Amino acid sequence: MRRARSGAAAKPRVQKRPGASGAPAAAPSAPSASRSRRSTGQAGGESRAAARQPSAKRRPTQSSPRAQEAGPGQPPPELPLLPPPPPPPPPPASPAASLPDLGDQRERWETFQKRQRLTFEGAAKLLLDTFEYQGLVKHTGGCHCGAVRFEVWASADLHIFDCNCSICKKKQNRHFIVPASRFKLLKGAESITTYTFNTHKAQHTFCKRCGVQSFYTPRSNPGGFGIAPHCLDEGTVRSVVIEEFNGTDWEKAMKEHKTIKNMSKEEINHEVTREGD
C-alpha cells in the first residue's frame, strides 16, 4: 500500500531550459513590469507637475530692438542694405615702373640720374629748364635779412626801367618784368606783406622784417612779377641797360610804349622792360 501511494503521488518533473517561451517563465517578470509602469507613470506625473510650477531659474525673454519697433504680432522691419566696401587702393608703382619707355636711352638716363644725384622729377626739371628757358639764366635773390628768397629765369643782359611815379621815385623802384611761370618763391611767404594805393592793382610786396621789396606784382602785368635787379645775387648779371619811364603820366606812357603790356606773356622775347604804377 505504501508503494502504491508513493507511486501515485510522484509526478514527473519537467526541466525548463533558459529562454523557453512557456507561461510559467513569463509569470515571474510580471511584477517587475508592473513596477516599471508605476515608476514611469510616477515620473510622468512629476514632470507634468514640474511643468505646471514656475521655475525659479527661468530667465525672462527679451525681444530685439527690431521686434520692439515692429510691435507684437508684426514681423521685424528689414535693415537697409549697406553699400559694398570700396576696393583696396592699388599698390604704389615702383620707381622703375614710373619711367616712360625710353628705349635705348633708358640706361643713359638712369646713369645720368645717378651721376647727378637727381630724382626723376629733378632730371626732368633740368631738361625742361635747359630747353624751355634756352638763352636765359637762373637768377637768385631776396630781401636784406634773408627771410624772403626767390629764383627767376631771365636774360643775363637786363633791360631795366627807371620809373618816376610817386612810389617808385621815393623807394627807387627799378626793376624788370618776367612771366609768373619763370618766377619761384623759395621761402618767406609768411614774411611778406603787401601795400596798395590809388587803383590798388599793383601789389607792392615787401619783407615784414627788414622792409626790402625784392619783387612785386605790377599794375600793367598782373600775370607777372617785377624783379628788383639790386636784390639779385652776384654772378649771373652780365650787363644792365636802364630806360626811363614817365610814371607821373602813367596812362599816356602806357599808350606810347609798344611792348610793356605784353612783358608777362610767354611768347614775348627775353628782353624785359619796366613800367610805372
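## The β1–β2 hairpin

In this predicted model, strands β1 and β2 form a hairpin with six residues between them, and within that turn G146 has a positive phi of about 90 degrees. Strand β1 covers residues 137-142 and strand β2 covers residues 149-154, and the two run antiparallel, joined by six bridges. Among the bridge partners, T140 is matched with E151 in β2, while H139 is matched with V152 in β2.

The hairpin also carries a salt bridge, in which K138 meets E151 with the closest N and O atoms 3.9 Å apart. This pair links distant parts of the chain, since K138 belongs to strand β1 and E151 to strand β2, 13 residues apart. How accessible are the two partners, buried or partly exposed? K138 counts as partly exposed at 37% relative accessibility, whereas E151 is buried, with a relative accessible area of 11%. E151 therefore falls under the 20% limit for a buried residue.

## Two open sheets

The hairpin strands belong to an open sheet of three strands in the order β1-β2-β5, with antiparallel pairing. Its edge strands are β1 and β5 (183-187), each of which pairs on one side only. Neighbouring strands of this sheet are turned by 25 degrees against each other on average, when direction is ignored.

Another open sheet of three strands follows the order β4-β9-β8, and here too the pairing is antiparallel. Its edges are β4 (176-179) and β8 (215-216), and because each of them has a single partner strand, one side of each is left without a neighbour in the sheet. Strand β9, residues 224-227, pairs with β4 in the antiparallel sense over four bridges, and V178 stands opposite F225 in β9. In a regular strand the side chains alternate between the two faces of the sheet.

## A buried serine

Which residues does S214 touch, when those up to four places away in sequence are not counted? S214 lies in the loop between β7 and β8, and its contacts are G142, C143, V148, F150, G226, I227, A228 and C231. S214 is buried, with a relative accessible area of 3%.

## Further salt bridges

A search of the whole structure finds five salt bridges, and the pair K138 and E151 described above is one of them. Another joins R106 to E110, with the closest N and O atoms 3.3 Å apart. Both of these residues lie in helix α6, four residues apart, which is about one turn of the helix. R106 is partly exposed, with a relative accessible area of 26%, and E110 is likewise partly exposed, with a relative accessible area of 31%.

The side chains of R174 and D162 also meet in a salt bridge, at 3.5 Å from N to O. R174 lies in the loop between α8 (166-171) and β4, while D162 lies in strand β3 (residues 157-163), so the pair ties together parts that are twelve residues apart in sequence. R174 is partly exposed, with a relative accessible area of 26%, and D162 counts as partly exposed at 22% relative accessibility.

## Two loop residues with positive phi

Most residues other than glycine have a negative phi. R117, however, has a positive phi of about 55 degrees although it is not a glycine. R117 is found in the loop between α6 (106-116) and α7 (120-132), and it counts as exposed at 79% relative accessibility.

H200 is likewise not a glycine, and has a positive phi of about 60 degrees. H200 is found in the loop between β6 (192-195) and β7 (204-207), where it counts as partly exposed at 46% relative accessibility.

## The surface and the whole protein

V237, V240 and I242 make a nonpolar surface patch of about 240 Å². V237 is found in the loop between β9 and β10 (239-245) and is partly exposed, with a relative accessible area of 35%.

Taken as a whole, the protein has nine helices and ten strands, and 28% of its 277 residues count as buried. Its accessible surface comes to about 20,400 Å², of which 55% belongs to carbon and sulfur atoms. Among contacts with a separation of 6 or more, 60% are accounted for by residues 24 or more positions apart.

Note on methods
Residues numbered from 1 in each chain as written. Predicted model: local features only at pLDDT ≥ 70, side-chain atom pairs only at ≥ 80, totals over all residues. Heavy atoms only, no water. Pairing = 2+ DSSP bridges. Buried < 20%, exposed > 50% of the residue type's maximum accessible area, 1.4 Å probe, protein only. Contact = heavy atoms within 4.5 Å. Areas by Shrake-Rupley, 256 points an atom, 1.4 Å probe, with all protein chains shown as cover. Patch = residues over 30% accessible without salt bridge, like charges linked within 9 Å, V, L, I, M, F, W, Y side chains within 5 Å. Salt bridge = Lys/Arg side-chain N within 4 Å of Asp/Glu carboxyl O. Axes fitted to C-alpha atoms, helices over the stretch in contact; angles between N-to-C directions.
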